[in-house]
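Me: I should like to take a close look at a single part of this protein model. Please explain it in a connected way, suitable for a first-year student.

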Amino acid sequence: MSDRISVAKTYKLYIGGAFPRSESGRSYPVTDSKGTFLANAAQGSRKDARDAVTAARKAFSSWSGATAYNRGQVLYRVAEVLEGRREQFISEVAASEGIAVKKAQSLVDTAIDRWVWYAGWTDKLAAVLGSSNPVAGPYFSFSTPEPTGVVAVLAPQQSSLLGLVSVIAPVIASGNTCVVITSQDRPLPAITLSEVMATSDLPGGVVNIITGRTAEIAPWLASHGDVNALDLTGAPDSLRADLERSAAGTVKRVLRARPSEDFTREPDMSRLRAYLETKTVWHPMGV
């Protein structure tokens with residue numbers, strides 16, 4: 001038996017394509033389902049949230065302006081890197097959620113497949129959700145879906161990877177950028193996902209991942225004037241009403257998903273639709 005003491009990991013945040021320490025200098029211990037220490041995670045602050053929103057806004061114009069086909073290619077590349085780190089994800093999901101390895105394998109495989117599913121939708125949204133409108137006049141009228149902007153996502157507290165993928169992928173597949181507050185007690189799969197994104201073709205700032213206390217950071221994102229939408233999936237029940245009121249102050253879109261949502265079910269287009277706005281264009285005939 002070895003007497004060697006392993007090196008304890010202290011993970012950082014993922015903001016703007018880089019891995020900064022929390023501005024607060026704080027961290028907190030992450031344990032498995034049995035209370036065994038796994039690593040230290042950065043405890044994000046309100047300043048970190050503001051920095052993440054700035055990074056997301058900076059990345060929005062280029063990401064939303066990229067062709068839908070290109071976004072699909074980038075998302076598929078993320079899935080390829082996810083597949084390459086499959087065993088690590090299985091280990092982390094099993095430890096975080098306290099489940100058997102076989103069950104963790106199924107969840108990880110479903111998460112990768114879910115990411116590919118959303119990647120396939122990027123260049124089909126305009127055809128499915130857009131329309132040519134009948135008009136009584138010498139012009140054409142077209143309605144096309146456009147991304148909302150910066151989305152604040154409160155990730156599921158229980159589903160550490162599959163739930164995380166299910167809330168992030170539709171946001172960026174539809175051309176938005178996001179700031180994600182991870183599961184408070186199960187952040188390791190999210191941290192590894194940030195490493196996947198940093199080593200794939202995803203531009204910095206498209207996804208920003210903050211670990212820490214959801215109840216501490218979420219109110220600042222809900223009231224932030226440069227956040228366009230808010231996903232309440234991982235919000236505590238005691239905070240939901242307050243977060244919705246704060247979001248109303250800056251006229252945000254609010255996705256009122258429940259914490260008990262079953263992410264193992266087949267996905268539909270509801271989350272893609274949630275982050276798209278309709279733009280109607282009028283064009284004279286013969287011009």
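How many salt bridges does a search of the whole structure find? Please look closely at these pairs, and then describe what else can be said about the parts of the chain.

Reply: The model is a predicted one. A search of the whole of it finds 14 salt bridges. Side chains of opposite charge can pair when their charged atoms come close. Several of these pairs deserve a detailed description.

One of the salt bridges is formed by R26 and E216, whose closest N and O atoms are 2.8 Å apart. R26 belongs to the segment before β1 (27-31), while E216 belongs to helix α8 (residues 214-223), so this pair ties together parts that lie 190 residues apart in sequence. How much of each partner is accessible can also be stated. R26 has a relative accessible area of 31% and is partly exposed. E216 is likewise partly exposed, with a relative accessible area of 30%.

Another salt bridge brings together the side chains of E195 and R85, with 2.8 Å from N to O. This pair, too, links distant parts of the chain: E195 is in helix α7 (residues 188-198), R85 is in the loop between α2 (68-84) and α3 (86-97), and the two are 110 residues apart. E195 counts as partly exposed, at 22% relative accessibility. R85 also counts as partly exposed, at 23% relative accessibility.

The next pair involves R86, which forms a salt bridge with D109, the closest N and O atoms being 2.7 Å apart. Here R86 lies in helix α3 and D109 in helix α4 (residues 101-119), so the salt bridge ties together parts that are 23 residues apart in sequence. Is R86 buried or exposed? A residue is called buried when its relative accessible area is under 20%. R86 has 19% relative accessibility, and therefore counts as buried. Its partner D109 has a relative accessible area of 28% and is partly exposed. The pair does not stand alone, for salt bridges that share partners join R86, E87 and D109 into one network.

Helix α4 offers a further residue to examine, since I112 also has its place there. I112 counts as buried, at 5% relative accessibility. From C-alpha to C-alpha, I112 and E92 are 15 Å apart in space, and they are 20 residues apart in sequence.

Helix α4 also leads to the largest pocket. Rolling a probe the size of a water molecule over the atoms shows where empty space is left. The largest pocket has a volume of about 290 Å³. It is lined by 14 residues, and the closest to its centre are E261, E266, P267, D268 and S270. At least two residues of the lining are supplied by α4, and at least two by α10 (270-274). What kinds of residues make up the lining of the largest pocket? They divide into 7 charged, 5 nonpolar and 2 polar residues.

Attention may now turn to the strands. An open sheet of 3 strands has the order β3-β4-β10, and its pairing is antiparallel. Its edge strands, each pairing on one side only, are β3 (131-133) and β10 (276-284). From one strand to the next, the twist averages 30°. In a regular strand the side chains alternate between the two faces of the sheet.

The two pairings of the sheet can be followed residue by residue. β3 is joined by 3 bridges to β4 (residues 139-147), and these strands run antiparallel. Within this pairing, S132 stands opposite F142 in β4, and N133 stands opposite S141 in β4. The connection from β3 to β4 is a hairpin through 5 residues. On the other pairing, 9 bridges join β4 to β10, and these strands also run antiparallel. There, S143 has T280 in β10 as its bridge partner.

A last residue worth noting is V251, in the loop between α9 (237-248) and β9 (253-255). V251 has a positive phi of about 55°, although it is not a glycine. At 74% relative accessibility, V251 counts as exposed.

Definitions and conventions
Residues are numbered from 1 along each chain as its sequence is written. This is a predicted model: local features need pLDDT of at least 70, side-chain atom pairs count only at pLDDT 80 or more; totals for chains, interfaces and linings use all residues. Side-chain values use heavy atoms; hydrogens and water are left out. Two strands pair if DSSP finds at least two bridges between them. Helices (H or I, at least four residues) and strands (E, at least two) are DSSP runs, numbered from the N terminus. Axes are lines fitted to C-alpha atoms, for helices over the stretch in contact, and angles run from 0 to 180 degrees between N-to-C directions. A salt bridge is a side-chain nitrogen of Lys or Arg within 4 Å of a carboxyl oxygen of Asp or Glu. Buried means under 20% relative accessible area, exposed over 50%, partly exposed in between (1.4 Å probe, protein chains only). On a 1 Å grid over the protein atoms alone, a cavity is a set of points where a 1.4 Å probe fits but cannot get out, and a pocket is an open set with protein on both sides within 12 Å along at least five of seven lines; lining residues have an atom within 4 Å of a point. Grid points are joined across faces, edges and corners, and a volume is the space filled by probe spheres set on the points. Ala, Val, Leu, Ile, Met, Phe, Trp, Tyr, Cys and Pro count as nonpolar, Asp, Glu, Lys and Arg as charged, and the others, Gly among them, as polar.
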